[in-house]
Amino acid sequence: MTSAPHVITLNSPEETARLAVLLGRVLRPGDVLLLDGEIGSGKTHFARSLIQSVMTHPEDVPSPTFTLVQVYDTSLGEIWHCDLYRLSALEEVEELGLTDAFETAISLIEWPNKLGPLKPASALTLKFETDPDTLEKRHLTISWSDPRWAELPEAIT
């Protein structure tokens with residue numbers, strides 16, 4: 001079942017954070033979110049908001065740009081926040097242990113094109129685009145092929 005893309009306009013960083021909180025309420029271990037978009041399009045802000053919304057004990061959620069992976073214990077189980085931007089080979093993805101995390105944790109993957117054939121078929125793709133006319137506005141296209149996500153548009157609106 002391939003979904004028709006679901007497009008949402010987010011008028012501010014606060015709307016992006018609210019959407020992340022709503023999505024966080026329906027996640028479970030084994031879910032993979034592919035956060036696609038250019039630098040500055042809101043991927044990390046979205047991931048940070050989602051992670052902080054499900055933390056048992058609040059803590060800082062830095063960008064994993066240089067560490068590549070940050071792992072958080074949350075009320076939903078482990079969340080892996082990954083930034084694959086600096087990777088240059090598929091073997092580097094495998095060395096991070098992501099394929100195991102895809103089965104046991106919630107995975108938020110920035111720069112998912114670096115996954116190549118390791119991209120899970122069940123993943124939910126969120127493509128962030130900056131509005132060319134309004135600095136804070138984002139257009140988010142959500143798509144999936146797994147029936148797991150069929151009820152998602154209702155859950156996040």
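I take contact to mean heavy atoms within 4.5 Å. The model I am reading is a predicted one.

**Entry 1: L33 and the cores**

I started from L33 and listed what it touches. Leaving out residues up to four places away in sequence, L33 touches L23, L27, F46, L50, S107, L108, I109, L124, L126 and W149. Next I looked up the nonpolar cores. The largest one has 28 residues. L33 is among those with the most contacts inside that core, together with L23, F46 and L126. I then asked which elements each supply at least two residues of this core. They are β1 (6–10), α1 (13–24), β2 (32–37), α2 (43–53), β5 (106–110), β6 (124–130) and β7 (138–144). α2 gives the most, with four residues. Apart from this core lies another, of 17 residues. I noted V69, I109, W111 and A123 among its members.

**Entry 2: the sheet**

In what order do the strands of the open sheet run? I read β1-β7-β6-β2-β5-β4-β3, seven strands with mixed pairing. β1 and β3 (69–74) stand at the edges. Each has a single partner strand, so one side of each is left without a neighbour in the sheet. I checked the twist as well. Neighbouring strands are turned by 20° against each other on average, direction ignored.

I went through some pairs of strands. Strands of a sheet pair through backbone hydrogen bonds, either parallel or antiparallel. β1 and β7 pair in the antiparallel sense, over five bridges. There I found V7 with T141 of β7 as its bridge partner.

**Entry 3: β2**

β2 was my next stop. It runs parallel to β5, and four bridges join the two. V32 has S107 of β5 as its bridge partner. β2 also runs parallel to β6, here with five bridges. On that side L35 stands opposite L126 of β6. I then checked burial, with under 20% relative accessible area as the cut-off. Five of the six residues of β2 are buried, so the strand is largely enclosed by the rest of the structure.

**Entry 4: the helices on the sheet**

I looked at what α1 packs on. It touches β1, β2, β6 and β7 of the sheet. The direction of α1 makes about 135° with that of β1. α2 lies across β2, β3, β4 (77–83), β5 and β6. It runs at about 150° to β2.

Which residues of α2 are buried? I listed K43, T44, F46, A47, S49, L50 and I51. The buried residues of α2 pack against α1, β2, β3, β4, β5 and β6.

**Entry 5: α1 against α2**

I fitted the two helices against each other. The axes of α1 and α2 come within 8 Å and cross at roughly 50°. That angle makes α1 oblique to α2. The crossing is right-handed. From α1, the contact is made by P13, T16, A17, L19, A20, V21, L23 and G24. From α2, H45, F46, S49, L50 and S53 take part. I marked two names that recur here: L23 and F46 are also among the residues with the most contacts inside the largest nonpolar core.

**Entry 6: positive phi**

I looked up phi at two residues. L68 has phi near 75°, a positive value in a residue other than glycine. L68 lies in the loop between α2 and β3. Is L68 buried or exposed? With a relative accessible area of 15%, L68 is buried, because the limit is under 20%.

W111 was the second case. Its phi is near 65°, again positive in a residue other than glycine. W111 is found in the loop between β5 and β6. At 13% relative accessibility, W111 counts as buried. I had already noted W111 in the core of 17 residues.

**Entry 7: A121**

Last, I turned to A121, in the loop between β5 and β6. At 66% relative accessibility, A121 counts as exposed, because the limit is over 50%. What does A121 touch, not counting residues up to four places away in sequence? I found S145 and D146. I also checked A121 against V32. They are 89 residues apart along the chain, and their C-alpha atoms are separated by 9.4 Å.

Methods: Residues numbered from 1 in each chain as written. Predicted model: local features only at pLDDT ≥ 70, side-chain atom pairs only at ≥ 80, totals over all residues. Heavy atoms only, no water. Core = buried A, V, L, I, M, F, W, Y, C linked by side-chain atoms within 4.5 Å. Buried < 20%, exposed > 50% of the residue type's maximum accessible area, 1.4 Å probe, protein only. Pairing = 2+ DSSP bridges. Axes fitted to C-alpha atoms, helices over the stretch in contact; angles between N-to-C directions. Parallel < 35°, antiparallel > 145°, perpendicular 65-115°, else oblique. Left-handed = near helix turned anticlockwise from the far one by under 90°.
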